[in-house]
Protein chains: 2
Amino acid sequence: MALLSIKPRPCTDPNCRGQHAPAERVALAMSLCDARGAQLTKLRRKILELLWESGRPTGAYELVEALKLRDSRPVGPPTVYRALEFLISQGLVSKIESRNAYIPCAHPERRHDCLFFICSNCGAAIELEDQRLEGLISEDAALIGFRATRRVVEVEGTCARCIAAGAA
Amino acid sequence: MALLSIKPRPCTDPNCRGQHAPAERVALAMSLCDARGAQLTKLRRKILELLWESGRPTGAYELVEALKLRDSRPVGPPTVYRALEFLISQGLVSKIESRNAYIPCAHPERRHDCLFFICSNCGAAIELEDQRLEGLISEDAALIGFRATRRVVEVEGTCARCIAAGAA
DNA sequence: AAATGCAACGTTATAATGTTGCATTTAATC
DNA sequence: GATTAAATGCAACATTATAACGTTGCATTT
């Protein structure tokens, strides 16, 4: 496929802020799924592309609308939710629980739970990775004998850009 | 009021797991609101009581149902949501974002964001406080110039009791 | 090629969660 | 008691998510 001709480059920078070109990210997703024997179908890929292009956490129904505009063939909510479920299961997308919205994951090649900073002003979300945070949570879990399977860490506030632009 | 005759005792144990009697917690809530000039009305108090009695994160519509059974007068969703909004604003209740459910806060007398461990098996949530975690998040926020206003930390998994009971 | 199996996708309806706007009641203040 | 702000009641609505059932397309077997 054409998109596979773009060389996927796993990013190894733990301080990376996820500034990668959408096309590059989609290509990486394809190569990852290929390696795993998972099917990143046309629809799933399109949804992943839309998420990358959106640049902020996007609701499932926004995706339904976006697909209507983009394609002749409209899709229903269940279809979008199923695609999201797949993308999440592959670590390609995360759900922002505090917003009921979905965001592509900058580093699907690494197995990790992300830390999200979500701007109340502009709606943008910044993804970060912090091993120490995961360690601390594991420690607290151990303290109460809890076996953790998923970590949700979401911080709401104002992003640097909006602070600079004078947004309270 | 009768409930105020129960002496509220702010708990100062940072490792406390929140094992306090519901009545004691409600009494503390009343004294806190009183001191702040906030009105913990009958309805709001009843909802707080229901949350304490429930023992696990409880949905808004479950509260609507519970109030129907408990009282002659049924209340609608907006009423419950508004009461929850008040309780949250006073730090008496937290929303568990990953469940769309609400849980009373064990230590409303301290200003802090909580860390929740939610059991996928039994639905119980354990509230913890970890200053170090808040510190790390602040540090990461500073790194990207983000001004945080709210922290959501929710860990899904299996609680000690369910592990002991043989639940996978 | 016909039959079979299976994963993904489509369609309709509905459940679950949350909000708006306005009328009414309650309760704090004068 | 009159005034006024806050809280509550209520109907309709908006948003998010899933259930239930059916279809399509492709791979494998017969």
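This passage describes a predicted model of two protein chains with two DNA strands. Local features require pLDDT of at least 70, side-chain atom pairs count only at pLDDT 80 or more, and totals for chains, interfaces and linings use all residues. Residues are numbered from 1 along each chain as its sequence is written, chains are lettered from A and ligands numbered from 1 in the order in which they are written, and side-chain values use heavy atoms, with hydrogens and water left out.

Confidence was examined for chain A. Its mean pLDDT (the predictor's confidence in each residue, from 0 to 100) is 88. A value of 70 or more is reached by 88% of the residues of chain A. Residues 1-8 of chain A stay under 50. For residues 1-8, the model has 16 contacts (heavy atoms within 4.5 Å) beyond four places in sequence.

Chain A contains six helices and five strands. Helices (H or I, at least four residues) and strands (E, at least two) are DSSP runs, numbered from the N terminus. Their order along the sequence is α-α-α-α-β-β-β-β-α-β-α. Chain A has 168 residues, and 50% of them are buried. Here buried means under 20% relative accessible area, exposed means over 50%, and partly exposed lies in between (1.4 Å probe, protein chains only). Of the contacts in chain A between residues at least 6 apart in sequence, 51% join residues at least 24 apart.

The two chains were then superposed by least squares on the C-alpha atoms of residues with pLDDT of at least 70 in both. A turn of 180° with a shift of 0.0 Å along the axis lays chain A on chain B, at an RMSD of 0.0 Å. The two copies are therefore related as by a two-fold rotation axis. The same surface serves both copies, since 100% of the contact residues of chain A recur in chain B. Within chain A, A:V153 comes closest to the rotation axis, with its C-alpha at 2.3 Å.

DNA strand D has 17 residues around it. A residue counts as near a strand if one of its heavy atoms lies within 4 Å of it. A:Y61, A:Y81, A:K95, B:T41 and B:T79 come nearest to DNA strand D. Of the atoms of DNA strand D that come within 4 Å of the protein, 46% belong to sugar and phosphate. Polar contacts (pairs of N or O atoms within 3.5 Å; within protein, one must be able to donate a hydrogen and the other to accept it, and residues adjacent in sequence count only if both atoms are side-chain atoms) link both chains to the phosphates of this strand. The side chain of A:Y81 places an N or O atom 2.8 Å from a phosphate oxygen of DNA strand D. For the side chain of A:K95, the corresponding distance is 2.6 Å. A polar side-chain atom of B:T41 lies 2.5 Å from a phosphate oxygen of DNA strand D. At least two residues of the surface near DNA strand D come from each of α4 (77-89) of chain A, α2 (42-54) of chain B and α4 (77-89) of chain B. By class, nine residues of this surface are nonpolar, four are polar and four are charged. Nonpolar covers Ala, Val, Leu, Ile, Met, Phe, Trp, Tyr, Cys and Pro; charged covers Asp, Glu, Lys and Arg; the others, Gly among them, are polar.

DNA strand C has 16 residues around it. A:T41, A:R82, B:Y61, B:Y81 and B:K95 come nearest. Sugar and phosphate supply 44% of the atoms of DNA strand C that come within 4 Å of the protein. A base nitrogen of DNA strand C is 2.7 Å from an N or O atom in the side chain of B:Y61. Phosphate oxygens of DNA strand C are 3.4 Å from a side-chain N or O atom of A:T79 and 3.4 Å from a polar side-chain atom of B:N100. In chain A, α2 (42-54) and α4 each supply at least two residues of the surface near DNA strand C, as does α4 of chain B. This surface has eight nonpolar, three polar and five charged residues.

Three loop residues of chain B were also examined. B:E129 sits in the loop between β4 (125-128) and α5 (131-143). B:E129 counts as buried, at 17% relative accessibility. Its side chain makes a polar contact of 2.9 Å with the side chain of B:R110. B:H107 lies in the loop between β2 (101-104) and β3 (115-119). B:H107 is buried, with a relative accessible area of 3%. B:H107 and B:E129 are 22 residues apart along the chain, and their C-alpha atoms are separated by 9.5 Å. B:G37, in the loop between α1 (22-36) and α2, is exposed at 64% relative accessible area.
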